[in-house]
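Student: Please take one part of this model and go through it closely. I am new to it, so explain the terms as you go.

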Amino acid sequence: MRHLIFFLFLMMECIFSSKAQDTIVLNGQPQWKSSLDIADQSLFFEETSDTALSFDEIKKIPFVPFSKKFRIEKFSNRPLVIQWFRFTIKNTSATDTVDLRLGVNAHFFTRLYYNDNLIARGGIFQTGYPFFDRFGLPFKVSPLTANTYWVRTEDRKEQILDAGITLETPYSYFNGMANGVNKDRFLFMLLAGMAGCLFFVCVFALYQYFLYRDATFKWYIAYAFASLMVCLFWMDIRLQIMLFPPLLRDIIFSTFLFIIPVLYALFIGSMLKLAVHFRKTWILVKVLIAIAFLQMITEFLVVRTGRFILNPDYYGYFLSMGPVIILHLSLIVVTIKSKDPVKWFLFSGLLSMLILWCLPITGIFGLVPYKNDELFLILIFIPVYLILGITIEAICFSFALSYRSKLILVEKNNMQELHRLQLEAALEKRTLELMEQSNLVESQKLKQIHAEFDQKIAETEMMALRSQMNPHFIFNCLNSIKLYTTQNKNEAAADYLTKFSRLIRMALENSRSERITLTTELEALELYIQMEAMRFKDKLKYELTVDKKVDSYFIEIPPLLIQPYVENAIWHGLMHKDEGGYVHVAVSVLPDEHTLIITVKDNGVGRKRSAELRRKSSAEHTSYGTKLTSERLELINQLYKTGANAITEDILDNRGMVAGTFVTIKIPFE
C-alpha cells in the first residue's frame, strides 16, 4: 500500500510537471534584438546527492516548473551545486533551420544535451574542444522538428550566480557581447591599472631585495606576486581574456582569499619582529596561518573534484573566513602597539584592506540609483573591492619598506659617523700610547745598554781574573820544579815537568772558555794534586770521589774553580804539619739533581793556626787563588743569575780542637 501511494504521487507529479512545461514554438529563424527569458517555459531540478548523477539517471527523474523562488533563493552552501533545466523547442518552418545560443548565467561548467548526446560545453572554467563561448551554448533546431534539451550547470565551492536561462540569436548574442565589452571598458581600465601597480610593486620589491638582501623583501615579493596573480585572474574571469590554464585557475581561485592574508602576515611579522616583541600574538598568528593553509588545501581539492571529505552540509562552516578575519584584526592590533616607526604605513594598508573588503557586505551601493552602466558594472563586481584593497595595501607596504630603508640608511650614516669619531678617538689614544711606549722603549733601551755595558764590564773582569789566576798557578808549579832541580832529582824533575806541561796545556785551553766539563776540571785537578804530592813525597795523600749520579761529561763549571781551594788546603793546612796529611775532594748532587756539591776536606792545622803561622813567617804568603776564586763566584752569580757559593768551616775533634778544614762549594746547573 505504501509503495502504491508513492508510485501514484510520482505519476501525478510527472503529469503536472509535463503540463507545466510549455513548448517554445518558433517559425524559422527569429529576429530578436535582445535575449528571450525562457525560465517560465522550462522545468528545473537540483541535485542534492554528494556525487553527480549521470545523464541517463537525470532523464528518469521528474523535473518541476521553474519559479521565482529559484531566482531569489540564497546561494547553496554545499561544495558541489548541480542544477538542470529542461525545455522543448519546436520549429514549425519547413525550410529554415533555427540557429540559437543558450545562456544560463555564469557557472563553473555548463553542458547542453540533446538526444542522449552532449552537443555543447561552456562555463568560466571550461577549456578544450568543442568550445565556442563560456556563456553561450550554440545549438540548432531543424525544420519541422520539436527537440527537448537538457542543460546542466555545475558550481564548485559555491554558487556563482543564481539560476536562470535565456535564448539568444547570433545577432542578439554578439550584439550583447559587443555592448558588454563596451560597458566593461572602464572596469578593464581599472583592473589593468591595478594590475600595473601591482606589477610595479613586484619589480620594486625585487630591486630592493637585490640591493639589500633582506629576508623581509622575500615575503613582500611573494605577497605582491600573489596579489598580481589574483588581479589577472579576475580580469581573466570577468573579461574572458583566457590567460591561465585550468590548473592554475583552480589554484588561484581556491587559495587567493587565504594565501594573501598569510603572506602579508608573514611580511608584517618579519617587519615588526613579532616573534621577539609580541611572542604570544605571534603564536596565535602562526596557528591561524596553519588553519589557513589547511583551508587552502581543502578548497583546492573541492574546486578540482567537487567533493568535500566531511559532511557537505558543513562545508561553508569549515571554510569560513573567520580565521582570516581574526588574523587580520590581530595584525591591526599588534601594529598599533608596535614601537616601530613604520607601523603607521602598515596600519594604513591593513585598515584600507579591511574597509574595502567589508564594504560590499554593507549593501550601501544598492541604495544609490545609478544612471551610468559602466560605473554600475564596476560597483557590482565584488572582486574589484578586494583587488583595490590589495593594491592600496601593497602600496602602503611599499611605503613602509621605503621608509624602513631610509631609517636603515640614516642609522647606517649615524653609525658611520659614530664609528669615525670612535676611530679618531682611538687613533688619538693610540698615538698617545705609542708616544708613551716610544718613551718607555727609549728608557728601556737605555737601561738595556747600561745593563749590557755592566755585563761587558763583568765579563772583562772575569777574563782579567782568569788571566791573573793562571800566572799564579804557574808560579806555584815553577817553584816545585825549582825545588827538584835544586835537589838534583833529575828524573823526578822530568816527570814533574811532563805533568806540568800537560797541566799548563789544559790550563791554557780551559782559560779561553767560560765553562768546561766537570771531567776536564777534575782531570786538571788531579794533575795538580799529583804534582804537589811529588813535592811533599809521602807526606800528602789525596782522594777524588765522584758520585754515580753525577754526569761529569754533561755538567759544566767555570775552569780552575776547585784547584784554589785544594791549593789552599795543601799550602796553608798541611805544609805546617811535619807528618803531612790528606786532602779529600768529593763531588755529588743534591736530591733535586740541579745543584752540584763539591767538598774539599783536609786534616791540616786549621784556619786560625795557619793565620798565626803566616804572621810569624818572614815571607808571608798571600792566598791570591782563593781570593780570586771568591771574586769569580761573585761575577758568575752576577752574569748568569746563579746561586753559586763557597762555605769554609773548621773540623773539630772530640775534644773540640781544630782537626782540619772543610770547604763546600754549591753550583746550580740546568
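Tutor: **An open sheet and two helices**

An open sheet is built from five strands in the order 13-15-16-18-17, with mixed pairing. Strands (E, at least two residues) and helices (H or I, at least four) are DSSP runs numbered from the N terminus, and two strands pair if DSSP finds at least two bridges between them. Strand 13 (540-546) and strand 17 (645-652) are at the edges with a single partner strand each, so one side of each has no neighbour in the sheet. The model is predicted: local features need pLDDT of at least 70, side-chain atom pairs count only at pLDDT 80 or more, and totals for chains, interfaces and linings use all residues. Residues are numbered from 1 along each chain as its sequence is written, and side-chain values use heavy atoms, leaving out hydrogens and water.

Strand 13 runs parallel to strand 15 (residues 581-589), joined to it by seven bridges. Within this pair, L540 is opposite G581 of strand 15. Helix 16 (residues 518-536) packs on the sheet and touches strand 13, strand 15 and strand 16 (595-602); contact means heavy atoms within 4.5 Å. Helix 17 (residues 563-574) also packs on the sheet, touching strand 13, strand 15, strand 16, strand 17 and strand 18 (658-668).

The two helices, 16 and 17, pack at about 15 degrees with axes 10 Å apart. Axes are lines fitted to C-alpha atoms, for helices over the stretch in contact, and angles run from 0 to 180 degrees between N-to-C directions. Among the residues making this contact are L525 and Y528 of helix 16 and V566 and W571 of helix 17.
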